[in-house]
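Here are three short exercises to work through with the model open beside you. Try each task before reading its solution.

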Amino acid sequence: MGPWRLLAGLAMLLAIGGAAAAQTAYPTQQVHILVPFPAGGGTDIIARTLGEELSKQWGQSVVMENRPGAGGSVASQALVSSPPDGHTLIVVASGHATNPFLYPKLPYDTFKDFTALSLLASSPNMVLVRTDSPFKSLGELLAAARAKPGSLTYAMGGVGTTTHLAGELLKSMAKLEMTAVAYRGGAPSITDLIGGAHPHLLQQRA
């Protein structure tokens, strides 16, 4: 698996614990799935779709818990703090892999405290603008950014997320000056884009 596919992919992770491995029947109680972003974003939609199907197959209720903040580390900490019985799961995006390199100290060990269960999805990134934007192509947008350096902003779903990294990569490759505006997830950034808070540019997961 290449590094970019790893960054784009979503993995469901489970806190390591001997009790989970020792269970003969699963699940034996209600299952909680933590989502590190607000409701309505791509990760949240995937998690809820997964939760509905798992609930049908298991015959056990699956509860979704949105725990946004700090690039996903708030939800990750909640998972590590939960009983290691396999009944609390988390769906993560690229920030889970990049957080150890962005934050000087995390309240958990990314490489020792989690076990990956499955790759759920992968997706490309895209540049979005409002329908009334003067830009009708990426070429027009890049030309405007070069003509007035620093005049454009792009919204992204949090520091270290795929949207942030892709936005910075675009800036580097196209030699642009744009201002990144961090949100606590993709859904709030979409809302502000549509509302006009950032009419120039939104880089968001497809």
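A helix here is a DSSP run (H or I) of at least four residues, and helices are numbered from the N terminus. Keep in mind that this is a predicted model.

**Exercise 1.** Find out which helix gives the most to the lining of the second largest cavity.

*Solution.* Start with the count: the structure has two cavities of 30 Å³ or more. The second largest encloses about 50 Å³. Next, look through its lining, which includes Phe-37, Ser-73, Ile-90, His-96 and Asn-99. Two or more lining residues come from each of helix H4 (73–81), strand S4 (88–92) and helix H5 (95–102). H5 contributes the most, with three residues. As a last step, sort the lining by character: five residues are nonpolar, seven are polar and none is charged.

**Exercise 2.** Work out which elements give two or more residues to the largest nonpolar core.

*Solution.* First collect the members: there are eleven, among them Phe-135, Leu-142, Tyr-154, Leu-170 and Met-178. Then assign them to elements: helix H6 (138–147), strand S7 (152–156) and helix H7 (162–174) each supply two or more. Finally, note a separate core of ten residues, including Val-35, Leu-54, Val-62 and Leu-89.

**Exercise 3.** Decide where the pLDDT is below 50 near the start of the chain and how to treat that stretch.

*Solution.* Begin with the whole chain: the average pLDDT is 82, and 84% of the residues score at least 70. Over residues 1–22, however, the pLDDT is below 50, although this stretch has 70 contacts beyond near neighbours in sequence. Residues 200–206 also stay under 50, with 47 contacts beyond four places in sequence. Where pLDDT is low, predicted coordinates should not be read in detail.

Note on methods
Residues numbered from 1 in each chain as written. Predicted model: local features only at pLDDT ≥ 70, side-chain atom pairs only at ≥ 80, totals over all residues. Heavy atoms only, no water. pLDDT = per-residue confidence, 0-100. Contact = heavy atoms within 4.5 Å. Core = buried A, V, L, I, M, F, W, Y, C linked by side-chain atoms within 4.5 Å. Buried < 20%, exposed > 50% of the residue type's maximum accessible area, 1.4 Å probe, protein only. 1 Å grid on protein atoms, 1.4 Å probe; cavity = no way out; pocket = protein on both sides within 12 Å on 5 of 7 lines; lining within 4 Å. Points joined across faces, edges and corners; volume = space filled by probe spheres on them. Nonpolar A, V, L, I, M, F, W, Y, C, P; charged D, E, K, R; others polar.
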